[in-house]
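Let's take a walk through this model, starting with its empty space and ending with its packed interior. Keep the viewer open as you read.

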Amino acid sequence: MVANPSTMAGHVLKFRTEAYPENPFLVVAVSGSDRMSGLYRLSLELIAQPKDIDPQKILESRCRFEILRRTAKDGGILTHKIHGVATTFEHYNKSMDWVR
């Protein structure tokens, strides 16, 4: 698994899409914006092992971004789920067994 700063802080970031239920994606980076009375927008940088990811399949499916964190009180896991749709999807590079 690729370590990201959120994992070291006890948070885990996940991206899920019904197009790929086996969930081959790892979240490398995330940024976002939110406006009062407006839509939120997230930009995710993902890596995946299968090199044959079809961007069109992702654009036609529902997606979910999850933030998992351990609670301070009892050490349980709390999951924040953000549902949405992908509006763009780009392949940046392919190297070895991973595609970004």
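A pocket here is an open set of grid points with protein on both sides within 12 Å along at least five of seven lines, and its volume is the space filled by probe spheres set on the points. Keep in mind that what you are looking at is a predicted model.

With that in hand, go to the largest pocket, which comes out at a volume of about 870 Å³. Its lining runs to 30 residues, and the ones closest to the centre are Leu42, Ser43, Leu44, Ala86 and Thr88. Which strands build the wall? At least two lining residues come from each of β3 (41-48), β4 (62-70) and β5 (77-85), with β3 giving the largest share, 8 residues. As for chemistry, the lining of this largest pocket splits into 19 nonpolar, 6 polar and 5 charged residues.

Now move on to the second largest pocket, with a volume of about 160 Å³. Around it you'll find Phe15, Arg16, Thr17, Glu18, Tyr20, Pro21, Asn23, Arg62, Cys63, Arg64 and His83. Two elements, β1 and β4, give two or more residues to that lining. Sorted by class, the second largest pocket is lined by 4 nonpolar, 3 polar and 4 charged residues.

Pick Thr17 out of that list and zoom in. Thr17 belongs to strand β1, which covers residues 11-17. Is Thr17 buried or exposed? Its relative accessibility is 5%, so Thr17 counts as buried, the cut-off for that being under 20%. The side chain of Thr17 makes a polar contact of 2.6 Å with the side chain of Ser61. Setting aside neighbours within four places in sequence, Thr17 is in contact with Ser61, Arg62, Cys63 and Phe25. Of these, Arg62 and Cys63 also appear in the lining of the second largest pocket.

Follow the contact to Phe25 and you arrive at the largest nonpolar core. This core has 13 residues, and Phe15, Tyr20, Phe25, Val27, Ile53 and Ile58 have the most contacts inside it. Strands β1, β2 (25-33), β3 and β4 each supply at least two residues of the core. Phe25 itself touches Phe15, Thr17, Tyr20, Leu46, Ile47, Ala48, Ile53 and Ile58, once residues up to four places away in sequence are left out. Two of those partners, Phe15 and Tyr20, bring us back to the second largest pocket, as both sit in its lining.

Terms used: Residues are numbered from 1 along each chain as its sequence is written. This is a predicted model: local features need pLDDT of at least 70, side-chain atom pairs count only at pLDDT 80 or more; totals for chains, interfaces and linings use all residues. Side-chain values use heavy atoms; hydrogens and water are left out. Helices (H or I, at least four residues) and strands (E, at least two) are DSSP runs, numbered from the N terminus. Buried means under 20% relative accessible area, exposed over 50%, partly exposed in between (1.4 Å probe, protein chains only). A polar contact is a pair of N or O atoms within 3.5 Å; within protein, one must be able to donate a hydrogen and the other to accept it, and residues adjacent in sequence count only if both atoms are side-chain atoms. Contact means heavy atoms within 4.5 Å. On a 1 Å grid over the protein atoms alone, a cavity is a set of points where a 1.4 Å probe fits but cannot get out, and a pocket is an open set with protein on both sides within 12 Å along at least five of seven lines; lining residues have an atom within 4 Å of a point. Ala, Val, Leu, Ile, Met, Phe, Trp, Tyr, Cys and Pro count as nonpolar, Asp, Glu, Lys and Arg as charged, and the others, Gly among them, as polar. A nonpolar core is a set of buried Ala, Val, Leu, Ile, Met, Phe, Trp, Tyr and Cys residues joined through side-chain atoms within 4.5 Å.
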